Amino acid sequence: MGKTFEEINEKIRNGTVVVATAEEIIDIVEEKGIKEAARQVDVVTTATFGPMCSSGAFLNFGHSDPPIRMCKIWLNDVPAYGGLAAVDTYIGATELSETKGMEYGGAHVIQDLVDGKKVRLVAKSYGTDCYPRLEIDTYITLEDLNQAYLFNPRNVYQNYSAATNTSNKIMDTYMGTLLPQCGNVTYSTSGELSPLLNDPELRTIGIGTRIFLAGAQGYVAWEGTQFVLNKEKIDEDTTMYSGATLAVIGNLKEMNSRYLRASSFNRYGTTMFVGIGIPIPVLDEEMMEFLAVSNKDLYTNVVDYSVPSRSRPTLRKVSYQELRSGSIELNGKKVQTAPLSSLRRAREIANLLKESIQKGEFLLQQPVQPLPKDRTFNPLKDMVVK
Amino acid sequence: MKKIKLILYFPPEKTDKPFTYHLVKDYDVIFNILQAEVQPGKRGRLTIELVGSQENIQRALEFTREYGVEYRPFNKNIVRNQGECVDCGACTAVCPSGALYMNTETWKLNFDEEKCLVCELCIRACPVKAIDINMFE
């Protein structure tokens, strides 16, 4: 028994589709078994809402009169990329304001645009025969822009290590504030609701997959940067998956800042909470086995952030069930745990996606190409260049 | 019964005397130390919560002043902007008293002001700047 994308889409169109969230499906499978659940349920929705640094937006301003080839660009004092065509730019989430520092960055510019606020655009040029203007200082709004699309090169991390700090000093990191002497452990995942933990072999998610991206219907554009498929056996029945990431794209003009939130991590810098939902078709029983996974079977590493190395030591492996309990044991000591990604808002997204599929507003898109299976994660070679 | 929060400032020569003993024994007030910075030979600072009858608290405060310990009301509290909060949980990583905690059913952030020590660690830990300190008279 199997279902195709097209058969499921037909059910979405005629309103007979059965959808469950990746949390709900756990109980459904518990009650009915894999076989029956796979027969009854057509789509399972997954979601995540966490800080994702590799995020940003392409913008096109339109031409001023006389026109300018913008070489140096600032949006609310945050530098944006000036190495594209005359009035195209890319604003990255982690770029900091030249006047406000870590309080305000590219992520805040993007959120202000989404919120309909006026954003100050300053640009300078060396002037060319075809673009004579040397500078411009004006205001833009999202509405004024010809194109504005989020293009995030690395989002939806499949699985991320939990963080702790064995040193005697407090550390401010992108994994939050880490207290000295393993005073806490932070983790960032929606676990059993997380997209790439529910399709760990990427059978249904690939280039072209339609997704919920910050309130808009967006797409998987490519493999995410640093994409690699890692599999590690925890025991006979449990595999720890990690390493898959997605590059995603979507229309900024259709987004909602409830699902796209600028943020600033103390002494680290700015980043962006991105809300992403991915529907997974229940093509067959094997797919349902993946989807039925729960936090007790999902593991991650606890790594020591105080070691200033690319390969930080792993202190232990831990299940998301244990992390969610509020504390874990580390070197014989009970250590409090805290999440960094909002499970509450991820659930909201999974439910929104479920509703739009039920209402026939969101159709599944079969990948036009699967994601690669053979990628490796290469380090940067440090050569001495004179 | 009345409850107040105070910051006490001990002159260096008073930090080795059993001040709190007298406070409890002579004035029948219950007190809870929220924060303490006491080092021999240095000015000490103690943030406390006092619970007792109106009269006993009044007398305890008079005793405190006569004893040479300055005090002022603890006039700060932590306020959370629920509209800004995304319920990520980053603040719960640093909260020493468990005043900020996640409801493990709904994964909504909860704040128990009674438990808050106003240590302000959560302010820097909050990535969306949804936590602020409120000063009042």
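**Core, domains and chain contacts in a predicted model**

A:I357 sits in helix α7 of chain A. The model is predicted. A:I357 counts as buried because 24 C-beta neighbours lie inside 10 Å, and the cut-off for burial is 20 or more. Leaving aside residues up to four places away in sequence, A:I357 touches A:I12, A:V17, A:V19, A:V43, A:P279 and A:F362. One of these partners, A:V43, is 314 residues away from A:I357 in sequence. In space, the two C-alpha atoms are 8.7 Å apart.

Another of these partners, A:I12, belongs to helix α1 of chain A, residues 5-13. In this helix A:I8, A:N9 and A:I12 are buried. These three residues cover an arc of only 100° around the axis, so they fall on the same side of α1(A). A:E6, A:E7 and A:R13 are exposed on the other side of α1(A). The buried residues of α1(A) pack against three elements of chain A: β2 (43-51), β23 and α7. Helix α7 is also the element that holds A:I357. After α1(A) comes A:G15, with a positive phi near 75°.

The wider fold of chain A was examined next. Its secondary structure comprises seven helices and 28 strands. The C-alpha trace spans about 70 × 60 × 40 Å along the principal axes of chain A. The radius of gyration of chain A is 22 Å, which agrees with a compact globule, because a globule of 386 residues would have a value near 21 Å. Of these 386 residues, 46% count as buried. Contacts in chain A often link distant parts of the sequence: among those between residues at least 6 apart, 71% join residues at least 24 apart. The pair A:I357 and A:V43 is one such case, being 314 residues apart and in contact.

Chain A divides into two domains. Domain 1 covers 5-53 + 152-370, and domain 2 covers 62-145. The C-alpha centres of the two domains of chain A lie 33 Å apart. Their contact takes 14 residues from domain 1 and 15 residues from domain 2. On the side of domain 1 that touches domain 2, β22 and β23 (269-281) of chain A each supply at least two residues. The largest share of that side, five residues, comes from β22(A). By residue class, the domain 1 side divides into six nonpolar, six polar and two charged residues.

Contact between the chains was analysed in the same terms. In chain A, 22 residues are in contact with 19 residues of chain B. Five elements of chain A give two or more residues each to the side that touches chain B: β14 (176-178), β15 (184-187), β22 (260-265), β27 (333-339) and α7 (343-358). β22(A) gives the largest share of this side, four residues. The residues of chain A on this side divide into eight nonpolar, 10 polar and four charged. Strand β22(A) thus appears in both analyses, with five residues on the side of domain 1 that touches domain 2 and four residues on the side of chain A that touches chain B. Helix α7 of chain A likewise has two roles in this account, contributing to the side that touches chain B and packing against the buried residues of α1(A).

Backbone geometry was considered last. Most residues other than glycine have a negative phi, and most peptide bonds are trans. In chain A, a cis peptide bond joins A:D65 and A:P66, with omega about -5°. A:P66 is found in the loop between β3 (56-60) and β4 (72-75) of chain A. Chain B holds two non-glycine residues with positive phi, B:W107 and B:K129. For B:W107, phi is near 55°. This residue lies in the loop between β6 (100-102) and β7 (109-111) of chain B. B:W107 is partly exposed, with 19 other C-beta atoms within 10 Å. For B:K129, phi is about 55°. B:K129 occupies the loop between α3 (121-125) and β8 (131-135) of chain B. B:K129 also counts as partly exposed, because 15 C-beta neighbours lie inside 10 Å.

Notes: Residues are numbered from 1 along each chain as its sequence is written. Chains are lettered from A and ligands numbered from 1 in the order in which they are written. This is a predicted model: local features need pLDDT of at least 70, side-chain atom pairs count only at pLDDT 80 or more; totals for chains, interfaces and linings use all residues. The radius of gyration is taken over C-alpha atoms; the globule rule is 2.2 Å times the number of residues to the power 0.38. A residue is buried if 20 or more other C-beta atoms lie within 10 Å of its own, exposed if 12 or fewer, and partly exposed in between; C-beta atoms are placed from the backbone. Two residues are in contact if their C-beta atoms, placed from the backbone, lie within 7 Å. Ala, Val, Leu, Ile, Met, Phe, Trp, Tyr, Cys and Pro count as nonpolar, Asp, Glu, Lys and Arg as charged, and the others, Gly among them, as polar. Domain bounds come from an automatic or database domain assignment. The arc is that of the directions from the helix axis to the C-beta atoms.
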